[in-house]
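Please look over the sequence and the model shown below before reading on. The report that follows is meant to be read alongside them.

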Amino acid sequence: MKLEFHHINLVADDVDRMHDFYTDVLGLADIPQENFPRTQSNEKAGYSGKIRFATEGSMQMHLAERDFGGAFKNKRVINPVERGHIAFRTDDLDTFLSILDRRNIPYSDYGTTFAKEWR
């Protein structure tokens with residue numbers, strides 16, 4: 001099983017202002033929203049908050065609108081858009097989740113809630 005760093009997620013009430021800081025002030029490149037097709041959100045599930053993306057070439061930053069009710073709406077315990085998170089990518093998610101289960105480490109599997117192409 002391969003595990004690699006994927007992104008840092010920061011949350012804020014003004015995503016555009018935060019994105020402008022990282023791109024205009026620090027000089028990171030914008031990653032177009034079209035590169036991350038989103039899953040449709042509704043009143044019972046999903047996430048409809050604003051998301052912007054930036055990179056310095058290898059590391060990604062996902063800048064998301066804060067949503068205190070995200071976990072509750074999606075019937076999960078951990079809320080990735082309340083305080084932010086770091087994310088890793090693996091080539092074998094089921095094996096990784098089984099490791100967490102064996103060690104009794106809690107997690108929230110959001111499936112494709114935030115992006116159509118990622119679980």
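What follows is a description of this predicted model, from the chain as a whole down to single residues.

**The chain and its confidence**

The protein chain holds three helices and five strands, and read from the N terminus the elements come in the order β-α-β-β-β-α-β-α. The mean pLDDT of the chain is 81, with 76% of the residues reaching 70 or more. Among the elements, helix α1 has the highest mean pLDDT, at 96, while helix α2, which spans residues 70-73, has the lowest, at 55. Of the 119 residues, 33% count as buried, and the accessible surface of the chain comes to about 7800 Å², with 52% of that area belonging to carbon and sulfur atoms. Among contacts with a separation of 6 or more, 66% are made by residues 24 or more positions apart.

**The sheet**

The five strands form an open sheet of mixed pairing, in which the order is β2-β3-β4-β1-β5. Its edges are formed by β2 (29-31) and β5 (85-90), each of which pairs on one side only, and the twist from one strand to the next averages 30°. Three of the pairings are set out here, with their sense and their number of bridges.

| Strand pair | Sense | Bridges |
|---|---|---|
| β1 and β5 | antiparallel | six bridges |
| β1 and β4 | parallel | six bridges |
| β3 and β4 | antiparallel | five bridges |

Single residues give the register of these pairings. In the pairing of β1 with β5, His7 stands opposite Ala87; Leu10 has Leu63 of β4 as its bridge partner; and Ala54 is bridged to Met61, also in β4. Strand β4 is mostly covered, with five of its six residues buried. The hairpin of β3 and β4 has four residues between the strands, and there Gly57 takes a positive phi near 130°.

**Helix α1 on the sheet**

Helix α1 (residues 15-25) packs on the sheet and touches β1, β2, β3 (51-55) and β4 (60-65), its direction making about 160° with that of β4. His19 lies in this helix and illustrates the packing at the level of one side chain. Leaving out residues up to four places away in sequence, His19 touches Asp24, Asp30, Arg52, Phe53 and Leu63. In addition, the His19 side chain reaches the backbone oxygen of Phe53 at a distance of 3.2 Å. His19 counts as buried because its relative accessible area is 3%, which falls under the 20% cut-off.

Beyond the helix, in the loop that leads from α1 to β2, lies Gly27. With a relative accessible area of 58%, Gly27 is exposed, and its C-alpha atom is separated by 9.2 Å from that of Thr55, a residue 28 positions away along the chain.

**His7 within strand β1**

His7 is found in strand β1, which covers residues 3-12. How is His7 placed with respect to the surface, buried or exposed? Its relative accessible area is 7%, and His7 is therefore buried, since the cut-off for that class is under 20%. Apart from neighbours within four places in sequence, His7 is in contact with Gln60, His62, His85, Ile86 and Ala87. One of these residues, His85, is also joined to His7 by a polar contact of 3.2 Å between the two side chains. Met61 lies 54 residues from His7 in sequence, yet the C-alpha atoms of the two are 5.5 Å apart in space.

**Asn104 after the last helix**

Asn104 belongs to the segment after α3 (93-102). Its phi is near 55°, a positive value in a residue other than glycine. Asn104 counts as exposed because its relative accessibility, 70%, is over the 50% cut-off.

**Drawing the picture together**

Taken together, the description centres on an open, mixed sheet of five strands, with helix α1 packed on it. The buried residues described include His7 in β1, at 7% relative accessible area, and His19, at 3%, whereas Gly27 and Asn104 are exposed. Confidence should be kept in mind throughout, as the mean pLDDT is 96 for α1 and 55 for α2.

Key: Residues numbered from 1 in each chain as written. Predicted model: local features only at pLDDT ≥ 70, side-chain atom pairs only at ≥ 80, totals over all residues. Heavy atoms only, no water. Pairing = 2+ DSSP bridges. Helix = DSSP H or I, 4+ residues; strand = E, 2+ residues; numbered from the N terminus. Axes fitted to C-alpha atoms, helices over the stretch in contact; angles between N-to-C directions. Contact = heavy atoms within 4.5 Å. pLDDT = per-residue confidence, 0-100. Buried < 20%, exposed > 50% of the residue type's maximum accessible area, 1.4 Å probe, protein only. Areas by Shrake-Rupley, 256 points an atom, 1.4 Å probe, with all protein chains shown as cover. Polar contact = N/O pair within 3.5 Å; in protein donor to acceptor, adjacent residues only side chain to side chain.
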